[in-house]
Amino acid sequence: MCEPVSITLGILSAGLGIGQSIAGAQAAQDQVNFANAQAQQGFAYQQMQASSARNFEQMKANQQEEMMRINRMLADNSYSDEISQLNLRLQQEQAASSQEQQKGAIAGLKARGEIAASGRLGNTVDNLVADVYRQQAQFDFATSQNLAFTGDQIQQQKRGVAAQRGSRIASQQAYIKQPVLDPMEPMYQKSPSMLPFILQGAGAIVSGVSTGLSTSASLGKIKAGQPPAIGPVAKAAGVVPRAGYFGPAY
């Protein structure tokens, strides 16, 4: 039957080995958990950076869109004002031309009246009246031609104003958002295998049992009066234990 001392030593030896295996398993698991936590934190930070960059790109696109809207509004207002001024000028030119023609018609009518009032007859009077009509027609043609030239010039200016409007609008282009890719989720470490630590614990139990049995056997020999085994150091020094001495073997 095993002695309490040998049982205690065996249990302590096995317990120490099992404790070491449990501590090693926990340390390995803690290391994996720490590495995974770091990877998760880095992944969350990268996600936050991607979201921030995407929001920044959207903000720049919105700002550019607002600038385009304001620029188009200003271009439209400027175009409308210039077209209105050109139309007003054309109306003024038409009114002036009409007044000139009306003045010419009045002058011709007055000239023909003076010729008729002179009391002269014959071809000379007819030639004078025809000459008045001819001069009036030439005046009307020149006035209409000048008005037509002015109208063409105003139309050219309108086309220039329209081109200027289009160029001003085209000067602001829509912002093309830069693509922002989502980060790749990291490959997390798996939990370490418990098999080596289980084997280490089992080995500690076997070692504890072996220690208990060895201690029990030694104690049994001591109780039986057998001298302890001489250690290699004592053998080399030529030391022989005395009878009844049960000190530790060298």
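Asp-76 is partly exposed, with a relative accessible area of 25%; here, buried denotes a relative accessible area under 20%, exposed over 50%, and partly exposed the range in between (1.4 Å probe, protein chains only). The structure is a predicted model, in which local features require pLDDT of at least 70 and side-chain atom pairs are counted only at pLDDT 80 or more, whereas totals for chains, interfaces and linings use all residues. Residues are numbered from 1 along each chain as its sequence is written, and side-chain values use heavy atoms, with hydrogens and water left out.

The secondary structure of the protein consists of 4 helices and 0 strands, where helices (H or I, at least four residues) and strands (E, at least two) are DSSP runs numbered from the N terminus. The order of the elements from the N terminus is α-α-α-α. Of the 250 residues in the protein, 18% are buried. The accessible area of the protein is about 17,900 Å², of which carbon and sulfur atoms supply 60%; areas were obtained by the Shrake-Rupley method with a 1.4 Å probe, and for residues only the protein chains shown count as cover. Among contacts (heavy atoms within 4.5 Å) between residues at least 6 apart in sequence, 86% join residues at least 24 apart.

Side chains of opposite charge can pair when their charged atoms come close. With a salt bridge defined as a side-chain nitrogen of Lys or Arg within 4 Å of a carboxyl oxygen of Asp or Glu, the count comes to 4 salt bridges. One of these joins Asp-76 to Arg-165, with the closest N and O atoms 2.6 Å apart. This pair links distant parts of the chain, as Asp-76 belongs to helix H1 and Arg-165 to helix H2, 89 residues apart. Arg-165 is partly exposed, its relative accessible area being 25%.

Arg-165 also lies over the face of Tyr-79, at 5.6 Å from the ring centre. The criterion for a charge over a ring is that NZ of Lys or CZ of Arg be within 6 Å of the ring centre and within 35 degrees of the ring normal. In addition, the C-alpha atoms of Arg-165 and Asn-77 are separated by 9.5 Å, although the two residues are 88 residues apart along the chain. Asn-77 is located in helix H1 and is partly exposed, at a relative accessible area of 41%.

A search for aromatic pairs across the whole structure returns 0. For this search, rings of Phe, Tyr and Trp (its six-membered ring) pair if their centres lie within 6.5 Å, and planes under 30 degrees apart count as stacked, over 60 as edge-to-face and the rest as tilted.

A further salt bridge is formed by Asp-182 and Arg-54, whose closest N and O atoms are 2.8 Å apart. Asp-182 lies in the loop between H2 and helix H3 (195-223) and Arg-54 in helix H1, so the pair ties together parts that are 128 residues apart in sequence. Asp-182 is exposed, at 56% relative accessible area, while Arg-54 is partly exposed at 35%.

The salt bridge between Lys-60 and Glu-57 has an N to O distance of 3.5 Å. Both residues of this pair lie in helix H1, with Lys-60 and Glu-57 3 residues apart, about one turn of the helix. Lys-60 is partly exposed at 26% relative accessibility, whereas Glu-57 is buried at 9%.

Polar residues in the helices include Thr-143 and Asn-36. Thr-143 is placed in helix H2 (residues 123-170) and is buried, with a relative accessible area of 10%. Beyond residues up to four places away in sequence, Thr-143 touches Ser-97, Glu-100 and Gln-101. Asn-36 is part of helix H1 and is likewise buried, with a relative accessible area of 17%. With residues up to four places away in sequence again excluded, Asn-36 touches Tyr-188 and Gln-189.

On the surface, Ile-70, Met-73 and Leu-74 form a nonpolar patch with about 230 Å² of accessible area together. Patches comprise residues with over 30% relative accessible area and no salt bridge, like charges being joined within 9 Å and nonpolar side chains (Val, Leu, Ile, Met, Phe, Trp, Tyr) within 5 Å. Met-73 lies in helix H1 (residues 4-117) and is partly exposed at 38% relative accessibility.
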